[in-house]
Amino acid sequence: MKRSEINQVIREAKALMQQHCFHLPEFAKFSLVDWETQDLLAQQEVLDARLGWDVTDFNLHDFAKFGLTLFTIRNQSSTNNKPYAEKIMMVKEGQITPMHYHWKKMEDIINRGGGTLVIRLYQRDEQTDLLDEKSDIQVAVDGKQIKVKAGGIVKLKPGQSICLTPLLYHSFWAEGGTVLAGEVSMANDDLTDNRFLEPLGRFSQIEEDEKPIHLLCSDYQHYLMGV
């Protein structure tokens, strides 16, 4: 992705959150100059837990079709004992987060406002590690157990949520308008705990055609730590 595209996506996400009266922590507003004037030791939890902005096209180079915009608000790190994480996400209409599961993480995905959040589900085939196209899925929506056919979809209206257990394949997108989606989960590890059905890059390769308005969590090592 081009940095200019990422900057524009972040502007859209901020506008969506303002529309739905969802407020981000102060470090969400930090520019590169702001970060350069910070005491990084005091901000160590933010850096270690990879809190902050995250815009990805999964290196498929078609963000409108395959992409996701996230902000990690809290997460486990070496500087805290938190066993939990929280994210807020912008899911655009027709924009797919590709099919994947998590080895360890259990998560609730919540429609915080906007259109309808659509989630497609499959069990994992234990022999092949691919999609089990025969077995039904038992899943909780707002605490109510429902049964979904293999490859079936669950549609979440604003206020509704679904609990996704480890090893459960899922993909999602928005219908009827952009969705502001929340995620409340066990500790999040985007470096090792994502298993995509097709080999994908979790973080985008960035073409630096302009300066970042806000750093991504994947920018911290390069811009702030000189790695």
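Here is a short tour of this structure, from its nonpolar cores to its strands, salt bridges and cysteines. Keep in mind that the model is predicted.

Let's start on the inside. In soluble globular proteins, nonpolar side chains tend to be buried together. Here, the largest nonpolar core has 30 residues, and the members that touch the most others are Trp35, Trp53, Val55, Phe71 and Tyr220. Quite a few elements chip in: helix 1 (3-19), helix 2 (32-36), helix 3 (44-48), strand 1 (52-56), strand 2 (68-74), strand 3 and helix 4 (220-224) each give at least two residues to this core. Helix 1 is the top contributor, with six residues.

Trp53 is a good place to pause. Setting aside neighbours within four places in sequence, its contacts include Ile10, Ala13, Lys14 and Met17. Leu70, Phe71, His214 and Cys217 are also among the residues that Trp53 contacts. There is a second, separate core too, made of 23 residues, with Met89, Val139, Phe172 and Ala174 among them.

Next up is strand 7 (residues 137-141), which is mostly covered, with four of its five residues buried. Which strands does strand 7 pair with? One is strand 8 (residues 144-148), joined to strand 7 by five bridges in the antiparallel sense. In that pairing, Ile137 has Val148 of strand 8 as its bridge partner. The two strands make a hairpin with two residues between them, and Asp142 in the turn shows a positive phi of about 50 degrees. Another partner is strand 10 (residues 161-164), again antiparallel, this time over two bridges. Across from Val141 you'll find Ile162 in strand 10.

Now for the charged side chains. Side chains of opposite charge can pair when their charged atoms come close. How many salt bridges does a search of the whole structure find? The count is 15, and here are three of them.

| Salt bridge | N to O distance |
|---|---|
| Glu26 and Lys29 | 3.5 Å |
| Asp190 and Lys87 | 3.0 Å |
| Lys105 and Glu183 | 2.8 Å |

Are the partners buried or exposed? Glu26 counts as exposed because its relative accessibility is 54%, over the 50% cut-off. Lys29 is exposed as well, at 52%. With Asp190 and Lys87 the story is the other way round: Asp190 is buried at 11% relative accessible area, and Lys87 is buried at 4%. Lys105 and Glu183 are both buried too.

Two of these pairs also reach across the chain. Asp190 sits in the loop between strand 11 (169-186) and strand 12 (194-196), while Lys87 belongs to strand 3 (residues 84-91), so this salt bridge links distant parts of the chain, 103 residues apart. Lys105 lies in the loop between strand 4 (97-102) and strand 5 (107-124), and Glu183 is in strand 11, so their pairing ties together parts that are 78 residues apart in sequence. Asp190 and Lys87 aren't on their own, either: salt bridges with shared partners join them with Asp54 and Arg202 in one network.

Finally, the cysteines. A disulfide is a covalent bond between the sulfur atoms of two cysteines. This model has zero disulfides. Cys21 is exposed, at 59% relative accessibility, whereas Cys217 is buried, with a relative accessible area of 4%. Cys217 has already come up above, as one of the residues in contact with Trp53.

Notes: Residues are numbered from 1 along each chain as its sequence is written. This is a predicted model: local features need pLDDT of at least 70, side-chain atom pairs count only at pLDDT 80 or more; totals for chains, interfaces and linings use all residues. Side-chain values use heavy atoms; hydrogens and water are left out. A disulfide is a pair of cysteine sulfur atoms within 2.5 Å. Buried means under 20% relative accessible area, exposed over 50%, partly exposed in between (1.4 Å probe, protein chains only). A salt bridge is a side-chain nitrogen of Lys or Arg within 4 Å of a carboxyl oxygen of Asp or Glu. Two strands pair if DSSP finds at least two bridges between them. A nonpolar core is a set of buried Ala, Val, Leu, Ile, Met, Phe, Trp, Tyr and Cys residues joined through side-chain atoms within 4.5 Å. Contact means heavy atoms within 4.5 Å.
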